[in-house]
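Me: Hi! Could you walk me through the fold shown here, one piece at a time?

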Amino acid sequence: MKKPVIAISCNFDSIQSLTHSEGDISDITVMYHYVSDNYSRAVEEAGGVPLLLPIYKNEFDLKEALNMADGVLLSGGNDIDPILFGETDRGKSGRISPRRDAQDLSIARYIFRETKKPLLGICRGVQVMNVALGGSIYQDLESDGGFLSHSRENYPMNSVSHFINIKPESRLADIFGQDKAGVNSYHHQAVKDVAPSFYASALSEDGVIEAIEPVQDSRFVLGVQWHPEKMYDSQKQQLIFTRFIEACCH
């Protein structure tokens, strides 16, 4: 049986390199397309074939690549520019990548509105899905929302650092087979106002939205705020990828 191809969005950023030319040292900006190995490994282990999406120069080429894929995974990464959800940056956002923002939002809208392909968003990916369809996010959970810190970087990436409560009739509850789950946590932003096309299917114990799903759409579309791909030794977390890949086979 042919394995499904899963398009994975990439980060897009620069580093400063020092080069020697005729005795002079000059700074050269080098742009990189990259994504954590955990994403491609989780997709492969679930039976899919990862296809990394660079930042394209034009949308036609992007859509050509998306049309070759059986499903799309929006990965984590930089904070989203607050201007894109109608706010001014209040100094709490990390490094902004305008070209990645533009492409990721375009991917989410195209896949959700113009195709029937399955869609999985992780961390930044769930935020992109929400913003693309008209929702907003907290620029910073602590200063904007009054929540506790959700950046639990003192924990190993595959360890549970808090728990989420899952709505019983949701796809996520069906995947996990329960209404509570332990997750990791590496973010300072999260969904604030849920887009009209979605509903919150899981909340953290302090009320942060941890997952969103479509209000009316039978295909696999799921956004999660934690990083299931980093919880590589959890069979339950890997089920997210297994179900996603299974949906991409249909």
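Me: Happy to have your help. In what order do the nine strands of the open sheet run?
Reply: Good place to begin, and please keep in mind that this is a predicted model. The sheet is an open one of nine strands, and its pairing is mixed. Read across the sheet, the strand order is 4-1-5-6-13-12-11-8-9.

Me: Which are the edge strands?
Reply: An edge strand pairs on one side only. That description fits residues 49–53 and residues 180–183. The edge strands are therefore strand 4 and strand 9.

Me: By how many degrees are neighbouring strands of this sheet turned against each other on average?
Reply: The average here ignores strand direction. On that basis, the turn between neighbours is 25°.

Me: In which sense do strand 11 and strand 12 pair, parallel or antiparallel?
Reply: In general, the strands of a sheet pair through backbone hydrogen bonds, and either sense can occur. Here residues 198–204 form strand 11 and residues 209–214 form strand 12, with five bridges between the two. One bridge partner pair is L203 and I209, the latter in strand 12. The sense of the pairing is antiparallel.

Me: Let's turn to the helices. Which strands does helix 2 lie across?
Reply: Helix 2 covers residues 59–68. Its direction is at about 175° to strand 4. The strands that helix 2 lies across are strand 1, strand 4 and strand 5.

Me: At what angle does helix 3 run to strand 5?
Reply: Helix 3, residues 98–114, lies across seven named strands, including strand 6, strand 11 and strand 13. Strand 5 is one of them, and the angle of helix 3 to strand 5 is about 145°.

Me: How are helix 2 and helix 3 set against each other, perpendicular or oblique?
Reply: The two axes come within 11 Å and cross at roughly 50°. The crossing is right-handed. Perpendicular would need 65 to 115 degrees, so helix 2 and helix 3 are oblique.

Me: How many nonpolar residues are in the contact of helix 2 with helix 3?
Reply: Helix 2 brings E59, L62, K63, L66 and N67, while helix 3 brings Q103, S106, I107, Y110, I111 and E114. Three of the contact residues are polar and three are charged. The nonpolar count is five.

Me: And how does helix 3 lie to helix 4, perpendicular or oblique?
Reply: Helix 4 spans residues 124–132, and its axis is 9 Å from that of helix 3, at an angle of about 70°. Since 65 to 115 degrees is the range that applies, the two helices are roughly perpendicular.

Me: How many charged residues does the contact of helix 3 with helix 4 have?
Reply: The helix 3 side includes R100, D101, D104, R109 and R113, and the helix 4 side includes R124, V128 and M129. The contact has six nonpolar residues and no polar ones. Its charged residues number six.

Me: Finally, what is the radius of gyration of the protein chain?
Reply: The chain has seven helices and 13 strands, and its C-alpha atoms fill a box of roughly 65 × 50 × 35 Å. With 250 residues, a compact globule would come out near 18 Å, so the chain agrees with that, at 18 Å.

Definitions and conventions
Residues are numbered from 1 along each chain as its sequence is written. This is a predicted model: local features need pLDDT of at least 70, side-chain atom pairs count only at pLDDT 80 or more; totals for chains, interfaces and linings use all residues. Side-chain values use heavy atoms; hydrogens and water are left out. Two strands pair if DSSP finds at least two bridges between them. Helices (H or I, at least four residues) and strands (E, at least two) are DSSP runs, numbered from the N terminus. Axes are lines fitted to C-alpha atoms, for helices over the stretch in contact, and angles run from 0 to 180 degrees between N-to-C directions. Contact means heavy atoms within 4.5 Å. Angles under 35 degrees count as roughly parallel, over 145 as roughly antiparallel, 65 to 115 as roughly perpendicular and the rest as oblique. A crossing is left-handed if the near helix is turned anticlockwise from the far one by less than a right angle, and right-handed if clockwise. Ala, Val, Leu, Ile, Met, Phe, Trp, Tyr, Cys and Pro count as nonpolar, Asp, Glu, Lys and Arg as charged, and the others, Gly among them, as polar. The radius of gyration is taken over C-alpha atoms; the globule rule is 2.2 Å times the number of residues to the power 0.38.
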